[in-house]
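Hi everyone, thanks for letting me take this slot. Let's walk through one model together and see how its pieces pack. Here it is on the screen.

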Amino acid sequence: MIILRYLLFPFSILYGLITSFRNVLFDVGILKSYSFDIPIIAVGNLSVGGTGKTPQIEYLIRLLAPNYKIATLSRGYKRKSKGFVLADSQSNAEILGDEPFQMHQKFPEITVAVDANRKNGIEQLLQLKDKPDVILLDDAFQHRKVKAGFYIVLTTYNDLFCNDYLLPTGNLRESRSGANRANMIIVTKCPKDLSELAQENIRKQIGLDKPVFFCFIDYDSKVYNEFETKAIAEIEAVDKLLLAGIAKPEPFFAYLQAEKNVKLVYPDHHNFSENDIQEITNKANNKLIITTEKDYVRLKNQNLKSLFYLPIKSSFISKGDDFNKIILNYVGTSTRNR
């Protein structure tokens, strides 16, 4: 696979020329970007794959929701609906996509919407009777038709964008220089004990005169379903089926792994078929089934016995207060000027 990627390097050059030319067209105004009179925070990345956007959006919701009316807008990856859809009591993962539906269930006080056309999505949100004070755009860094007021770029500790290459040789959607459009960088999925020296070395590798923060994935001490809760300590020695359909499931498995546990891995955003459900049932064989929160919203109505999910959240290793101040200052200043 590695050899094949390097053989495809000429295609990476072509891909880079196309994406760079597109960015230039937006930069000089030939292709139009639309701004809106509302604070808009875009959370995205330069690479394909899981950089932890959902936990970071959830962090922003927890930070801002006590004082502002929040709306999230994403394309709703792999949903079966089309156009603009506003989450309501009839929504499910097929209509919204798994991550927006997770947001809708987890934060019922906020507005959740999906639209592949982010410009149209924002316009629809601003026409609501109870319109939001702040819009959070999920995975919209390359969606340059909309000009957000604040851009956060995520990059994972084990796969920094500054050491990566353009598709198909590497995993970058656009040139590393695209990070210059960001207001800040967050290095996600770091070791919990990452030292100040190691953080400074990464800042030097990134080489941008922008704030760089470091986060780790913080797992809950309990697993949940709609009816009961179990402490991890209580089920640690119990035989379990661990199931994940996310981009990089290794930390999830590592957190729960025991000698006799069975693991099932599916592609990211996997739509579970009847055959998949039968496979899960057979493999589980009456064991506890522990899955990710994102997978749970697609599996909870599939009559799987003893199905639980493990919540996660994004936590800062240090300087979380500095991050909060930057975001609150941007939103506060923007809303006061409206």
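Okay, let's start in a loop: Asp139 sits between strand 5 and strand 6. Asp139 has a positive phi, about 55 degrees, although it is not a glycine. Is Asp139 buried or exposed? Its relative accessibility is 18% and the cut-off for buried is under 20%, so Asp139 counts as buried. Before I go on, please keep in mind that this is a predicted model.

There is another residue to put beside that one. Ser306 is also not a glycine, and its phi is positive too, near 55 degrees. You'll find Ser306 in the loop between helix 11 and strand 14, which covers residues 307-310. Ser306 has a relative accessible area of 35%, so we call it partly exposed.

While we're on backbone details, look at the loop between strand 6 (150-156) and strand 7, where Pro168 is placed. The peptide bond going from Leu167 to Pro168 is cis, with omega near 0 degrees.

Now for the inside. Which residues have the most contacts in the largest nonpolar core? They are Ile41, Leu64, Leu136, Ile152, Ile186, Phe323 and Ile327, in a core of 34 residues. The element that gives the most to this core is helix 3, residues 53-64, with six residues.

Let's zoom in on Ile41. If we skip its neighbours within four places in sequence, Ile41 is in contact with a list of residues that includes Leu60 and Leu64, then Ile135, Leu136 and Leu137. Also among its contacts are Phe150, Ile152, Ile327, Tyr330 and Val331.

There's a second, separate core as well, with 33 residues, and Ile38, Leu73, Tyr151 and Phe214 are among them. Ile38 is in the loop between helix 2 (9-27) and strand 1 (40-45). With 6% relative accessibility, Ile38 counts as buried. If you want a sense of scale, compare Ile38 with Tyr157: they are 119 residues apart in sequence, and their C-alpha atoms are 32 Å apart in space.

On the other end of strand 1, the loop that leads to helix 3 holds Ser47. Ser47 counts as buried, at 8% relative accessibility. What does Ser47 touch, not counting residues up to four places away in sequence? The answer is Asp164, Asn171, Leu172 and Arg173.

Next, the helices. A handy reminder: an α-helix has 3.6 residues a turn, so residues three or four places apart point the same way.

You can try that on helix 7, residues 196-206, where Gln199, Ile202, Arg203 and Ile206 are buried. Looking down the axis, the buried residues of helix 7 fall within an arc of 105 degrees, so they line one face of the helix. Leu197 and Lys204, on the other side of helix 7, are exposed. The cover over the buried residues of helix 7 includes strand 7 (184-188) and strand 8 (212-219). Right after helix 7 comes Gly207, which has a positive phi near 70 degrees.

Helix 6, residues 118-126, has Arg118, Lys119, Gly121, Ile122 and Leu125 as its buried residues. They cover an arc of only 165 degrees around the axis, which puts them on the same side of helix 6. Strands do the covering here, including strand 1, strand 2, strand 3 (85-86), strand 4 and strand 5.

Then there's helix 5, residues 98-106, which is mostly covered, with seven of its nine residues buried. Those buried residues are Asp98, Glu99, Pro100, Phe101, Gln102, Met103 and His104. Elements that cover them include helix 3, helix 4 (93-96) and helix 11 (293-299), plus strand 2 (70-74), strand 4 (111-114) and strand 5 (134-138).

Last stop: how do helix 3 and helix 5 sit against each other? Their axes are 11 Å apart, and the two pack at an angle of about 30 degrees. Angles under 35 degrees count as roughly parallel, so helix 3 is roughly parallel to helix 5. The crossing is right-handed. On the helix 3 side, Thr54, Ile57, Glu58, Ile61 and Arg62 take part, and they meet Glu99, Gln102, Met103 and Lys106 in helix 5.

That's my tour, so over to you.

Definitions and conventions: Residues numbered from 1 in each chain as written. Predicted model: local features only at pLDDT ≥ 70, side-chain atom pairs only at ≥ 80, totals over all residues. Heavy atoms only, no water. Core = buried A, V, L, I, M, F, W, Y, C linked by side-chain atoms within 4.5 Å. Buried < 20%, exposed > 50% of the residue type's maximum accessible area, 1.4 Å probe, protein only. Helix = DSSP H or I, 4+ residues; strand = E, 2+ residues; numbered from the N terminus. Contact = heavy atoms within 4.5 Å. Arc of directions from axis to C-beta. Axes fitted to C-alpha atoms, helices over the stretch in contact; angles between N-to-C directions. Parallel < 35°, antiparallel > 145°, perpendicular 65-115°, else oblique. Left-handed = near helix turned anticlockwise from the far one by under 90°.
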